[in-house]
Amino acid sequence: MSAQYCAGCGAPVTPGTQFCAYCGKPVAAAGGTAAAPAPLPSAGPTPPPYPPAPQMEPPARRGPRRWIVVVVVLVIVIAIVGGLLAYEASAPTVTINAIYFWAPDNACGLGVPANQAVYDGFSDDPGVTDTVGFIVPSFNSTTCTIQSLLTNTSGFTIVNTNLPIAIAAEGNGTLFINVTLPGSSWTGNLNLVLS
């Protein structure tokens with residue numbers, strides 16, 4: 001089978017089509033026979049070539065790269081968090097387990113062992129000064145006054161207090177102290193001596 005050409009413009013025609021894809025003229029002659037190929041013009045414009053089929057690029061394969069980035073970011077985050085936790089665990093701290101009040105001269109009845117006041121402790125960084133408040137009971141049947149406070153626990157310094165405070169008979173008074181903690185790691189009980 002020989003190739004067919006459009007009678008109007010001479011462009012190649014796809015077999016089985018009735019009209020030229022380039023110029024739109026009928027492909028078959030009036031008698032039903034295929035038209036002879038038209039002579040190529042010696043002058044005039046040349047029909048444009050058929051446009052090339054679009055080139056399809058393969059889809060980008062980003063899956064493995066994306067997972068690598070996610071894994072690297074997770075490893076960095078875990079390393080940072082682990083480093084911070086390790087630093088916090090190894091950082092020096094002062095841990096006061098409990099705070100005991102002693103009254104050798106039995107101020108407000110606190111010299112009796114059964115009346116000894118004990119408070120929960122706290123933790124903080126070495127060398128800082130903390131303000132701590134206490135409710136101090138009186139076990140006396142008359143008003144009593146707490147005149148002074150000091151500590152015999154090594155490394156601690158009482159900076160300031162709101163003393164003297166008067167406590168009504170069998171009542172409570174509020175005591176505030178500013179205490180400077182030891183300059184290095186320390187764990188134990190803090191003793192405060194009232195008079």
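How many aromatic pairs does a search of the whole structure find? In this predicted model, the search yields five aromatic pairs. In one of them, formed by Phe101 and Phe134, the ring centres lie 5.0 Å apart and the planes meet at 80 degrees, so the arrangement is edge-to-face. Because Phe101 belongs to strand E3 and Phe134 to strand E6, this pair ties together parts that are 33 residues apart in sequence. Ring pairs also bring in Tyr119, which forms a cluster with Phe101 and Phe134. Both phenylalanines are buried: the relative accessible area of Phe101 is 1%, and that of Phe134 is 3%. Each value falls under the 20% limit that defines a buried residue.

Phe101 and Phe134 also appear in the largest nonpolar core, which has 27 residues. Together with Val136 and Leu175, they touch the most other members of this core. At least two core residues are supplied by each of the strands E3 (94–102), E6 (129–137), E7 (144–146), E10 (165–167), E11 and E12 (186–194). The largest share, four residues, comes from E3. A second, separate core consists of five residues, among them Cys6, Val13, Cys20 and Val27.

The surroundings of Leu175 were examined with neighbours within four places in sequence left aside. On this basis, Leu175 is in contact with Phe101, Phe134 and Val136. Its further contacts are Val132, Gly133, Leu149, Asn162, Leu163, Ile165 and Leu194.

Strand E11 also takes part in an open sheet of three strands, in the order E6-E11-E9 and with antiparallel pairing. E6 and E9 (157–161) stand at the edges with a single partner strand each, so one side of each is left without a neighbour in the sheet. From one strand to the next, the twist averages 35 degrees. The antiparallel pairing of E9 with E11 extends over four bridges, and the bridge partner of Thr161 in E11 is Ile177.

Thr180 is likewise found in E11, which spans residues 172–180. The side chain of Thr180 is joined to that of Thr129 by a polar contact of 2.8 Å. When neighbours within four places in sequence are left aside, Thr129 is one of the residues in contact with Thr180, along with Gly127 and Val128. The remaining contacts of Thr180 are Gly155, Phe156, Thr157 and Val159.

Terms used:
Residues numbered from 1 in each chain as written. Predicted model: local features only at pLDDT ≥ 70, side-chain atom pairs only at ≥ 80, totals over all residues. Heavy atoms only, no water. Polar contact = N/O pair within 3.5 Å; in protein donor to acceptor, adjacent residues only side chain to side chain. Contact = heavy atoms within 4.5 Å. Core = buried A, V, L, I, M, F, W, Y, C linked by side-chain atoms within 4.5 Å. Buried < 20%, exposed > 50% of the residue type's maximum accessible area, 1.4 Å probe, protein only. Phe/Tyr/Trp six-rings, centres within 6.5 Å; stacked < 30°, edge-to-face > 60°. Pairing = 2+ DSSP bridges. Axes fitted to C-alpha atoms, helices over the stretch in contact; angles between N-to-C directions.
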